[in-house]
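Dear colleague,

I am passing on the structure we talked about, with its sequence, so that you can look through it at your own pace. My notes on what was found follow below it.

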Amino acid sequence: SEAEPASRPLAGKRVVITAGPTREAIDPVRYISNHSSGKMGYAIARAAERAGARVVLISGPVSLTAPDNVEVRPVQTASEMLAASEKAVAEGCDLFVATAAVADYRPENRAGDKIKKTSETMALPLVRNPDILATIAGREDAPFTVGFAAETSDVARYATDKMHRKKLNMIVANDVSVAGLGFNSDDNAVTVFWPEGQESIGPDSKQAIADRLVVLMAEQNDRA
Ligand code: CTP
Ligand code: CA
């Protein structure tokens with residue numbers, strides 16, 4: 001091949017990525033979700049594939065085209081995303097990258113029939129969803145784990161707290177209070193933290209940021 005080894009920093013590696021929102025059913029026609037577009041996760045999948053990795057992309061509902069040569073496994077709920085992640089990691093995984101905006105809570109019960117409006121107010125009991133990333137990072141055979149943290153204040157502190165609490169190898173923080181960046185945008189600006197260092201990337205396109213992130217992940221994984 002014409003490619004220099006340094007341009008394929010994930011050659012032979014297996015990468016599993018979660019992306020997009022999850023959808024938690026309330027009844028047959030309604031759900032709880034969020035505005036995640038999935039763009040950052042799909043950009044990382046593309047970058048990792050170009051860097052030589054075999055990529056499995058576990059994706060919530062998004063309107064994006066699958067990157068070339070990436071295996072997309074569609075899911076809806078957080079529970080399905082957890083099951084798909086555990087299966088993909090058990091099949092073999094060197095790096096696990098959690099970009100998904102997982103719903104933190106789901107309705108305690110899914111109504112079998114469409115809920116009718118009766119009273120003036122309504123309460124919907126919610127229960128906490130499993131933490132997919134923390135579950136994978138806590139495994140005996142844990143891969144190199146990368147988390148994402150969208151914060152609106154004290155970005156560095158909240159992000160590094162999450163890295164330590166979830167026992168991650170790396171966390172990518174973005175300040176979603178910056179107008180025009182992050183959720184649903186084509187552009188982003190992030191700061192990456194790992195136990196011994198940090199690097200700020202952007203503002204730039206999500207694909208350019210993803211390409212740099214993949215290089216940093218490969219470097220730190222080689223060191224680990
Ligand atoms: N994450 C996950 N499963 C969840 C919640 C979060 O895998 N149930 C992952 C996200 O994909 C992301 C990281 O954990 O990589 C941080 O997500 P975030 O929502 O910022 O953190 P939480 O732990 O949910 O804390 P909070 O929302 O309260 O800030
Ligand atoms: Ca959350």
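Asparagine 221 has its place in helix α5, and in this model, which is a predicted one, asparagine 221 counts as buried because its relative accessibility is 14%, where the cut-off for buried is under 20%. Once the neighbours within four places in sequence are left aside, asparagine 221 is in contact with Lys13, Asp94, Leu95 and Phe144.

Helix α5, which covers residues 206-223, also meets helix α1: the axes of the two come within 8 Å and cross at roughly 50°, which makes α1 oblique to α5. The crossing is right-handed, and the contact is made on the α1 side by Lys39, Met40, Ala43, Ile44, Arg46, Ala47, Ala48 and Arg50, and on the α5 side by Lys206, Gln207, Ile209, Ala210, Asp211, Leu213 and Val214. By character, the residues of this contact between α1 and α5 divide into nine nonpolar, one polar and five charged.

Helix α1 itself runs over residues 39-50, and its 12 residues reach 17 Å from the first C-alpha to the last, which is close to the 16 Å expected at 1.5 Å a residue. This helix is mostly covered, with nine of its 12 residues buried, namely Met40, Gly41, Tyr42, Ala43, Ile44, Ala45, Ala47, Ala48 and Glu49. Just after α1 comes glycine 52, which takes a positive phi of about 105°.

Helix α2, made up of residues 78-91, has 14 residues and reaches 20 Å between its first and last C-alpha, close to the 20 Å expected at 1.5 Å a residue. Its buried residues are Ala78, Met81, Leu82, Ala84, Ser85, Ala88 and Val89. As general background, an α-helix has 3.6 residues a turn, so residues three or four places apart point the same way. The buried residues of α2 pack against the strands β1 (14-19), β2 (24-27), β4 (54-59), β5 (71-74) and β6 (95-98), and also against helix α3 (132-137). As with α1, a glycine comes after this helix: α2 is followed by glycine 92, whose phi is positive, near 125°.

Among the strands, you may like to look at valine 172, which lies in β10 (residues 170-175) and counts as buried because its relative accessibility is 1%. Apart from its neighbours within four places in sequence, valine 172 is in contact with Val146, Gly147, Phe148, Ala149, Val190, Thr191, Val192 and Leu213; Leu213 is also one of the α5 residues that touch α1. Serine 59 is 113 residues away from valine 172 in sequence, and the two are 19 Å apart in space, C-alpha to C-alpha.

Finally, there are some points of backbone geometry to check by eye, bearing in mind that most residues other than glycine have a negative phi, and most peptide bonds are trans. Glycine 202 and proline 203 are joined by a cis peptide bond with omega about 5°, and proline 203 has its place in strand β12 (residues 197-205). Aspartate 154, in the loop between β9 (144-151) and α4 (155-165), has a positive phi near 45° without being a glycine, and aspartate 154 is partly exposed, with a relative accessible area of 45%. Lysine 167, in the loop between α4 and β10, likewise has a positive phi, of about 60°, although it is not a glycine, while its relative accessible area of 63% makes lysine 167 exposed.

With best wishes

Conventions: Residues are numbered from 1 along each chain as its sequence is written. Chains are lettered from A and ligands numbered from 1 in the order in which they are written. This is a predicted model: local features need pLDDT of at least 70, side-chain atom pairs count only at pLDDT 80 or more; totals for chains, interfaces and linings use all residues. Side-chain values use heavy atoms; hydrogens and water are left out. Helices (H or I, at least four residues) and strands (E, at least two) are DSSP runs, numbered from the N terminus. The expected span of a helix is 1.5 Å times one less than its number of residues. Buried means under 20% relative accessible area, exposed over 50%, partly exposed in between (1.4 Å probe, protein chains only). Axes are lines fitted to C-alpha atoms, for helices over the stretch in contact, and angles run from 0 to 180 degrees between N-to-C directions. Angles under 35 degrees count as roughly parallel, over 145 as roughly antiparallel, 65 to 115 as roughly perpendicular and the rest as oblique. A crossing is left-handed if the near helix is turned anticlockwise from the far one by less than a right angle, and right-handed if clockwise. Contact means heavy atoms within 4.5 Å. Ala, Val, Leu, Ile, Met, Phe, Trp, Tyr, Cys and Pro count as nonpolar, Asp, Glu, Lys and Arg as charged, and the others, Gly among them, as polar.
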